[in-house]
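Reader: I should like to learn how the features of a structural model are read. Please begin with the general idea in each case and then turn to the example.

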Amino acid sequence: MEQKIQSLKELYEKDFYLWVLENLKLLKNKEYDLVDWENLLEEIEDMARRELRSLISFMAVIMEHLYKWENFRDREDVGHSWKKSINNARNELDTIFETYPSIRKKAAEELPTAWRIAVKRLVRWFKEDENHDPAKKYFGRFPTEKDFPQECPYTFEQIMEYEPWLKE
């Protein structure tokens, strides 16, 4: 039995797909004492983290583009791609919430993390060649993270529904 468990642990490193199938077979056969529990529990935990990372990433995209729309849109022809990006990210969030309803509760708790990511993206955006002039115009230099609000300026409801372009 110990030999079987050890070879499963080795299989985890060598052939993940086969490792999954072997553990699945053991679970279906109720051979619980042979399952590679250590790696299996890690994988289950990682599955939840992956969904949470996706959620945070989509919220960061929305906040980044909302912030750009509100603060750096100085012409009518600017920002249409930001709207599309916001709507696409909201669609993805809707799908996540439909698939995993319990993760919605976690979303509001992750706003600070998503905002930090959005700020990093904003800082990098100004360093792109085509955005050097706006950096000069709005900041007189390339902005840093300190040039943006430290606290998240958006609520979860705004992330999901706020459409500043409709107010114009």
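Author: The dialogue below moves from the whole chain to one helix and then to single residues. This is a predicted model, in which local features need pLDDT of at least 70, side-chain atom pairs count only at pLDDT 80 or more, and totals for chains, interfaces and linings use all residues. Residues are numbered from 1 along each chain as its sequence is written, and side-chain values use heavy atoms, with hydrogens and water left out.

Reader: How many helices and strands does the protein chain have?

Author: Helices (H or I, at least four residues) and strands (E, at least two) are DSSP runs, numbered from the N terminus. The protein chain has eight helices and zero strands, so that the order from the N terminus is α-α-α-α-α-α-α-α.

Reader: What radius of gyration does the protein chain have, and what would a compact globule of 168 residues have?

Author: The radius is taken over C-alpha atoms, and the globule rule is 2.2 Å times the number of residues to the power 0.38. For 168 residues a compact globule would come near 15 Å, but the protein chain has 22 Å. Along the principal axes, its C-alpha atoms fill a box of roughly 70 × 30 × 25 Å.

Reader: What share of the residues is buried, and what share of the contacts joins residues 24 or more positions apart?

Author: Buried means under 20% relative accessible area, exposed over 50%, and partly exposed in between (1.4 Å probe, protein chains only). By this criterion 37% of the 168 residues are buried. A contact means heavy atoms within 4.5 Å. Of the contacts with a separation of 6 or more, 69% involve residues 24 or more positions apart.

Reader: How is the length of a helix such as α6 checked?

Author: The expected span is 1.5 Å times one less than the number of residues. Helix α6 (residues 111–127) has 17 residues and should therefore span 24 Å; its end C-alpha atoms are 25 Å apart, which agrees.

Reader: Which residues of α6 are buried, and which helices do they pack against?

Author: An α-helix has 3.6 residues a turn, so residues three or four places apart point the same way. In α6 the buried residues are Leu111, Ala114, Trp115, Ala118, Val119, Leu122, Val123, Trp125 and Phe126. These buried residues pack against α3 (37–71), α4 (80–99), α5 (103–109), α7 (132–139) and α8 (156–161).

Reader: Is asparagine 131, in the loop between α6 and α7, buried or exposed?

Author: Asparagine 131 counts as buried because its relative accessibility is 7%. Not counting residues up to four places away in sequence, asparagine 131 touches Trp125 and Phe126, two residues that are themselves listed among the buried ones of α6.

Reader: What does leucine 40 in helix α3 contact beyond its sequence neighbours?

Author: With neighbours within four places left aside, leucine 40 is in contact with Trp19, Leu27 and Val35. Leucine 40 counts as buried because its relative accessibility is 13%. From leucine 40 to serine 57 there are 17 residues in sequence and 26 Å in space, C-alpha to C-alpha.

Reader: Are lysine 28 and lysine 30 buried or exposed?

Author: Lysine 28, in helix α2, counts as exposed because its relative accessibility is 63%. Lysine 30, in the loop between α2 (16–28) and α3, is also exposed, with a relative accessible area of 61%. The phi of lysine 30 is near 60 degrees, a positive value in a residue other than glycine.
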